[in-house]
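Hi everyone, thanks for coming along. I'd like to walk you through one model today, so please have a look at it with me.

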Amino acid sequence: MLIPDFRTLALPVVAMTLVVVASNILVQHPFMYWGLGDYLTWGAFTYPVSFLVTDLTNRRYGVGVARKLVIVGFVIAVALSFALATPRIAIASGTAFLVGQLLDVSVFNQLRRQTWWRAPLVGSVVGSALDTLLFFSIAFAGDPEMSVMIPFLGQHPMALWQSLAISDFAVKLVIALLALLPYGALMAVILPVEKAEPQPAR
């Protein structure tokens, strides 16, 4: 099998780093449209793209290389996040990223031979669920400003960070579905290595 070199993985590593660092910054800014400031941050729209990057790498090179991408992306993104966000958010982001992405990689690998959409969708949903739980609980639980009780959708009161987590996950579900469009469009281009390699003449 072809072993990917640094230049091959440079694009997914850069893409992963940009997504995570941008999300660390944007998660600190509420989405102030349509009265959703207490329920949503801008980071909810950018972070799910990281699962698309991981899944495409997994499709191309397999589970081992996808895990290496996650580790490299984790190290770079956390280092930059400490400079661009608060230490608590950087730690929360790193932990959630590493656990959620590795879970996505494993689920994708288990389902990769089933219907084309199942592996990226299920992997992204499961990974996003754990990622959301870990990030918001580590980053904001116990923070007085983020623990203010608000009525969630006008009904049951809950802490601000909990309402943000629920809304964040809802957006991730929508984006996981939308991400099937570029994933499906790129399937004919990003082939598994063993299929992309020329076959030896018999």
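I'll go through the cavities, then some helices, the aromatic rings and a loop residue. One thing to keep in mind from the start: this is a predicted model.

Let's begin inside. How many cavities of 30 Å³ or more does a search of the whole structure find? There are 2 of them. The largest has a volume of about 120 Å³, and the second largest holds about 100 Å³ of space.

Take the largest cavity. Its lining is made up of Ser23, Asn24, Val27, Gly43, Tyr47, Ser93, Ala96, Asp131, Phe135, Phe136, Asp168 and Lys172. If you'd rather think in elements, those giving two or more residues to this lining are α1 (6–26), α5 (87–111), α6 (118–140) and α7 (160–178). Which of the elements gives the most? That is α6, with 3 residues. By class, the lining of the largest cavity has 5 nonpolar, 4 polar and 3 charged residues.

Now the second largest cavity. It is lined by 14 residues, and Leu52, Pro120, Ser124, Ala176 and Ala179 are the ones nearest its centre. Here α3, α6, α7 and α8 (180–186) each supply at least two lining residues. Helix α6 again turns up as the element that gives the most, this time with 4 residues. As for the classes, this lining divides into 10 nonpolar, 2 polar and 2 charged residues.

Leu52 is a good way into the next part, on helix α3. Leu52 lies in that helix. Is Leu52 buried or exposed? Its relative accessibility is 19%, so Leu52 counts as buried, with the cut-off for buried set at under 20%. Beyond its neighbours within four places in sequence, Leu52 is in contact with Ala179, Pro182 and Tyr183. For a sense of distance, Leu52 and Gly94 are 42 residues apart along the chain, and their C-alpha atoms are separated by 18 Å.

Thr54 is also found in helix α3, which covers residues 49–61. Thr54 is buried, at a relative accessible area of 0%. What does Thr54 touch, leaving aside its neighbours within four places in sequence? The contacts are Met16, Ala66, Leu69, Val70, Gln101, Asp104 and Val105.

Some of those contacts lead us on to helix α4, where Ala66, Leu69 and Val70 are among the buried residues. Others buried in α4 include Val63, Val65, Gly73, Ala77, Val78 and Ser81. The helix runs over residues 63–84, 22 residues in total, and reaches 30 Å from its first C-alpha to its last, close to the 32 Å expected at 1.5 Å a residue.

We can do the same check on α7. Its 19 residues should span 27 Å at 1.5 Å a residue, and the end C-alpha atoms are 27 Å apart, which agrees. The buried residues of α7 include Leu160, Trp161, Leu164, Val171 and Ile175. Asp168, Lys172 and Ala176 are buried there too; you met Asp168 and Lys172 in the lining of the largest cavity, and Ala176 by the centre of the second largest. And what do the buried residues of α7 pack against? They pack against α2 (43–46), α6, β1, β2 (157–159) and α8.

On to the aromatic rings. The structure holds 13 aromatic pairs. One of them is Phe31 with Tyr33, a tilted pair at 5.3 Å centre to centre and 55° between the planes. Within that pair, Phe31 is buried at 7% relative accessible area, while Tyr33 is partly exposed at 48%. Why is the pair of Trp42 and Phe45 called tilted? The ring centres are 6.0 Å apart and the planes are at 50°, so the pair is tilted; the tilted class runs between the 30 and 60 degree limits. Trp42 counts as partly exposed at 33% relative accessibility, and Phe45 is partly exposed, with 33% as well. These four join Trp34 in one aromatic cluster: Phe31, Tyr33, Trp34, Trp42 and Phe45.

Last stop, the loop between α6 and β1 (149–151), where you will find Pro144. Pro144 is exposed, with a relative accessible area of 67%. Pro144 and Leu160 are 16 residues apart in sequence, and C-alpha to C-alpha they are 9.8 Å apart in space.

That's my tour, and I'm happy to take questions.

Definitions and conventions. Residues are numbered from 1 along each chain as its sequence is written. This is a predicted model: local features need pLDDT of at least 70, side-chain atom pairs count only at pLDDT 80 or more; totals for chains, interfaces and linings use all residues. Side-chain values use heavy atoms; hydrogens and water are left out. Buried means under 20% relative accessible area, exposed over 50%, partly exposed in between (1.4 Å probe, protein chains only). Contact means heavy atoms within 4.5 Å. Rings of Phe, Tyr and Trp (its six-membered ring) pair if their centres lie within 6.5 Å; planes under 30 degrees apart count as stacked, over 60 as edge-to-face and the rest as tilted. On a 1 Å grid over the protein atoms alone, a cavity is a set of points where a 1.4 Å probe fits but cannot get out, and a pocket is an open set with protein on both sides within 12 Å along at least five of seven lines; lining residues have an atom within 4 Å of a point. Grid points are joined across faces, edges and corners, and a volume is the space filled by probe spheres set on the points. Ala, Val, Leu, Ile, Met, Phe, Trp, Tyr, Cys and Pro count as nonpolar, Asp, Glu, Lys and Arg as charged, and the others, Gly among them, as polar. The expected span of a helix is 1.5 Å times one less than its number of residues.
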